[in-house]
Structures are given as structure tokens and as C-alpha cells.
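Please find below a short note on the structure shown here, set out as numbered points for your consideration.

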Amino acid sequence: VSQSRYGLIDNNPVNISTSGYSITFNEVTPAFIGGQYFELPVSTINLTSVLANPANTKFYAYLRLQYGSPGYAISNTELVENQTTMFIGTIQTNASQISSTNITKVSKFDNYRPSTTLIGGAFPVSTGNPLDPGTISW
């Protein structure tokens, strides 16, 4: 079983910021993908490099390992997840800028990820802990 991970195992959100149509990943982020450990550098991606007019579009964010080098990949279409492509979230734009982001830390086992909600490629896990039972919402 191959394991992949994006981000530290903690409760802190991914440190990102936006300006206009640019998204910045503000800190060095650890990742384990394709059987290798990497540290992703601080990175800024302008969505106009993905789509000439990014207004009113949903983008998909991925961690990709290409030719042995990891990096962020943004697409205006969904890509297939595999051992070297990991979905990490979405970016929504309005007429003039990025309006919302949902970039999350990810753990995967082969092509499957634990999730408390029903999403593609997931297996169910509960919220809570041994002293405070949770629920499985799907």
C-alpha cells in the first residue's frame, strides 16, 4: 500500500493568501508522494497562466510529481488522481478576483483517502476520539 501526504499532521489550516487572480502558498509545506519525501517551496500561481480569462471559474488544485519534481498544479478541469497526482482543493473566482479557496491537507492510501463526508475516492471515518465518540455522516 502506497501512502501519500500533503501538509503537516496538525489542526492548522494550509497557509495561503490571495490577491486578484493569484494564490500564494505562504510556507514551505512537507509532502510525501510517489514514495518520496519533499518540501514544497513558497509558491505563487497566477490563474491567468491556467486560463486567459479566469473570471467566474472553478479551479482544481493538485500536488503533482512530474519527472521527479513536486509542484502545485492548477487546472480548470478535474484531473484523475493517482500515485503522482493528489487533489488538494478548489479555487473559485468571481468577475475580478479569487472569491474563495478550499485547500486542505490530505492523507491517502493508494488512491483512497479517509473522509468524514462522502467524496469520490474516500473511505468513511468518524469524527471524535475514543473519549468523545463522533459520527459517520455518510
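1. Aspartate 132 is partly exposed in this predicted model, its relative accessible area being 48%. That value falls short of the exposed class, because exposed requires over 50%. The residue belongs to strand β15, which comprises residues 132–133.

2. The position of aspartate 132 can also be described relative to serine 99. The two residues are separated by 33 residues in sequence, and their C-alpha atoms lie 36 Å apart in space.

3. Serine 115 is found in strand β12, spanning residues 113–115. With a relative accessibility of 9%, serine 115 counts as buried, because the limit for that class is under 20%. When neighbours within four places in sequence are left aside, the contacts of serine 115 are Ala122, Phe123, Pro124, Val125 and Trp138.

4. Four strands form an open sheet in the order β5-β4-β1-β11, and their pairing is antiparallel. At the edges are β5 (36–40) and β11 (106–109), each of which pairs on one side only. On average, neighbouring strands of this sheet are turned by 15° against each other, with direction ignored.

5. Within the sheet, the pairing of β1 with β11 may be described in further detail. Strand β1 covers residues 3–6 and is joined to β11 by four bridges, the two strands running antiparallel. Glutamine 3 has phenylalanine 109 of β11 as its bridge partner. In general, the strands of a sheet pair through backbone hydrogen bonds, in either a parallel or an antiparallel manner.

Technical notes. Residues are numbered from 1 along each chain as its sequence is written. This is a predicted model: local features need pLDDT of at least 70, side-chain atom pairs count only at pLDDT 80 or more; totals for chains, interfaces and linings use all residues. Side-chain values use heavy atoms; hydrogens and water are left out. Two strands pair if DSSP finds at least two bridges between them. Axes are lines fitted to C-alpha atoms, for helices over the stretch in contact, and angles run from 0 to 180 degrees between N-to-C directions. Buried means under 20% relative accessible area, exposed over 50%, partly exposed in between (1.4 Å probe, protein chains only). Contact means heavy atoms within 4.5 Å.
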